[in-house]
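Student: I should like a close look at one part of this model, the nonpolar core, and then an account of the charged pairs and the sheet elsewhere in the chain. Please treat these topics as one connected answer.

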Amino acid sequence: MSNQTRTPRFKKLLPTLLVMGLTATWMGGCGDDDEEPTPTPIPDAGTQTDAGTDAGTTPDSGTPTDAGTVTPDTDLAFVRLNANGTVDNTFGASGNGISRLNLSTANGSVRDSMWSITRDAQDRLVVFATKKAEGTRTDSDRAIVRLTANGALDETFNANPGANSRKGFYGLDIGGLGDSARHGMVQADGKIVSAGYLSQPSGVGAQSANRIVMLRLDEAGTVDSTFGSKGVLNSAPFATNDATREWGISEAYAAVRQSTGSYVTTGYGRAAGVSGNTVDLISFRYSAAGVLDPTYGTNGSFILDLAGDNDRGRDAVALKDDRTFMVGSGTPTTSNIDAMAVLLTADGQPAAADGFNEGVKLYSFDRPDEAFFNVARADVGTEEYVAASGYRAGGGQDDDAILLIRNITTGAEFAAPVPFSETENDRAWGVAFSPEGKVYATGFVTEGGDNRFAVARFNLDGTRDTTFGTGGIVTVNIIAGKLDEAARGLAVQSDGKIVIAGAAESQ
């Protein structure tokens, strides 16, 4: 493995853009709602669909579904492991350590799915998901779900639900359009923030454009009216008042909170007037109340274009000094996508760090398609660490999980492929630290045409912790004989137990 760095190009917001940071519409609790990933996923910005939007489809698992042209329904699925890797059969109600959740009774082609999971101070599990719309709608709505520490739907959350929701989860529907929920977080004050995006009519002719949508709830699962408009930020930073010019597109895959209360996003998109179909990594900052901050970056944004091709932000964490560590993928040369990390100052400028060139570091794992999808942060003793997980694919070989562990304090790091299987397809979608400073990476592995949840535990130097599971790896089969099964994230509870979460084909 070699690390490659190219000189990045940083773009500025075009001066003719009309910034519309808080043009918000909110229809939560009205009508039907549904979420993304879908069997035919709403494509992300750019020329490629988002790898991993669907468990079992070619972009996610490297193997096609086993149902021909019929895409099976999927539900959310959770399994809890003890600290040694054995299944904890006290979790859930089935006696096998597995809990399953169907967010909608509607029929149709859109499926329940999730992007990330975290826990709150009481070890309750907060899931950032999308759900199929109710009734005859075929789109998806955003859902924030809370489970008890033991895997039951927590009906004290959103205890007085409106339409689109029920006790245990809050559902957001904006205009009957298909929402794309991404990463979320639980703040220290208990408030819950969900990032994502939604394609909406721009009001200029028949065009639509992806807009950043963030939702903030209070700890009880009701909208926080002090944020955005009725708890929803609906922002088009690349809007334009020129009726002859198409808007740009903006997506937020994650939003991290600085010590000031402001939120910094990462994602990808394209400024208005930019030709072609490629996308750049983009980042914005919003105040604690949901107002776009024009002092961030350059003219209100950070935009990274390595070489005129697709560059994407997938996830981020806020460091102790309010710098932002972002991960995703960059394309330094045609047909060569590398995993990528980006380090920005608190105000959205490229930050200096060992191995980073103008705030950017590329990681080549010897395949043409590589990306980090998830990142986590932890203090271990007096030192600060980040860990990122993802995959490498292509080149006529099976897919492999990849892992980055970086000591932010010293600059030392481990970066390498860490496959769950040497012969089958596997990818890692989620990463987390344990209380004692171990690193978990989770995703899926294909075994004999059957996808399984998979998780591995690592020491801080990147070696596999062989005291966990079998050789440091645990696999759990949620539903036998199916490819529509993949873990998307995990949460390590305060007692060291590990909850793996994802989607699996309905039973």
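Tutor: Two residues are in contact here when heavy atoms lie within 4.5 Å of each other. On that basis, and bearing in mind that the model is predicted, phenylalanine 433 is a suitable place to begin. Leaving aside residues up to four places away in sequence, phenylalanine 433 touches Ala376, Arg377, Ala378, Tyr385, Val386, Ala387, Lys438, Val439, Leu460 and Val492.

Phe433 also belongs to the largest nonpolar core, a group of 21 residues. Those with the most contacts inside this core are Leu403, Ile405, Phe420, Phe433, Val439 and Phe458. Val439 thus appears both in this list and among the residues that phenylalanine 433 touches. The elements that contribute two or more residues to the core are β23 (369–380), β24 (383–394), β25 (397–407), β26 (413–417), β27 (426–433), β28 (439–447) and β29 (450–458). In soluble globular proteins, nonpolar side chains tend to be buried together.

Arg377, one of the residues touched by phenylalanine 433, leads to the charged pairs. Salt bridges with shared partners link Arg377, Lys320, Asp379 and Glu384 into one network. The structure as a whole holds 27 salt bridges. Side chains of opposite charge can pair when their charged atoms come close.

Three individual pairs deserve attention. In one of them, the side chains of aspartate 112 and lysine 132 meet with an N to O distance of 3.5 Å. Aspartate 112 is located in the loop between β4 and β5 (113–119), and lysine 132 in strand β6 (residues 125–132), so this salt bridge ties together parts that are 20 residues apart in sequence. Aspartate 112 has a relative accessible area of 0% and is buried; lysine 132, at 2%, is buried as well.

A further salt bridge joins the side chains of aspartate 179 and arginine 142, at 3.0 Å from N to O. Here the partners lie in two strands, aspartate 179 in β9 (residues 179–186) and arginine 142 in β7 (residues 140–147), so the pair ties together parts 37 residues apart in sequence. Aspartate 179 counts as buried at 2% relative accessibility, and arginine 142 is buried with a relative accessible area of 1%.

Aspartate 293 and arginine 285 form another salt bridge, their closest N and O atoms being 2.9 Å apart. Aspartate 293 has a relative accessibility of 16% and counts as buried, because the cut-off is under 20%. Arginine 285 is buried at 8%.

The sheet to consider is an open one of 4 strands, with the order β4-β3-β32-β31 and antiparallel pairing. Its edge strands, β4 (98–101) and β31 (485–492), each pair on one side only. From one strand to the next, the twist averages 25°. Strand β3 (residues 74–81) is joined to β4 by 4 bridges, and the two run antiparallel. Valine 79 stands opposite isoleucine 98 in β4.

Finally, the confidence of the prediction sets a limit on this reading. The average pLDDT of the protein is 87, and 85% of the residues score at least 70. Over residues 1–6, however, the pLDDT is below 50, although this stretch has 25 contacts in the model beyond near neighbours in sequence. Residues 12–44 likewise have a pLDDT below 50, with 155 contacts beyond near neighbours in sequence. Where pLDDT is low, the predicted coordinates should not be read in detail.

Methods: Residues are numbered from 1 along each chain as its sequence is written. This is a predicted model: local features need pLDDT of at least 70, side-chain atom pairs count only at pLDDT 80 or more; totals for chains, interfaces and linings use all residues. Side-chain values use heavy atoms; hydrogens and water are left out. Two strands pair if DSSP finds at least two bridges between them. Axes are lines fitted to C-alpha atoms, for helices over the stretch in contact, and angles run from 0 to 180 degrees between N-to-C directions. A nonpolar core is a set of buried Ala, Val, Leu, Ile, Met, Phe, Trp, Tyr and Cys residues joined through side-chain atoms within 4.5 Å. Buried means under 20% relative accessible area, exposed over 50%, partly exposed in between (1.4 Å probe, protein chains only). pLDDT is the predictor's confidence in each residue, from 0 to 100. A salt bridge is a side-chain nitrogen of Lys or Arg within 4 Å of a carboxyl oxygen of Asp or Glu.
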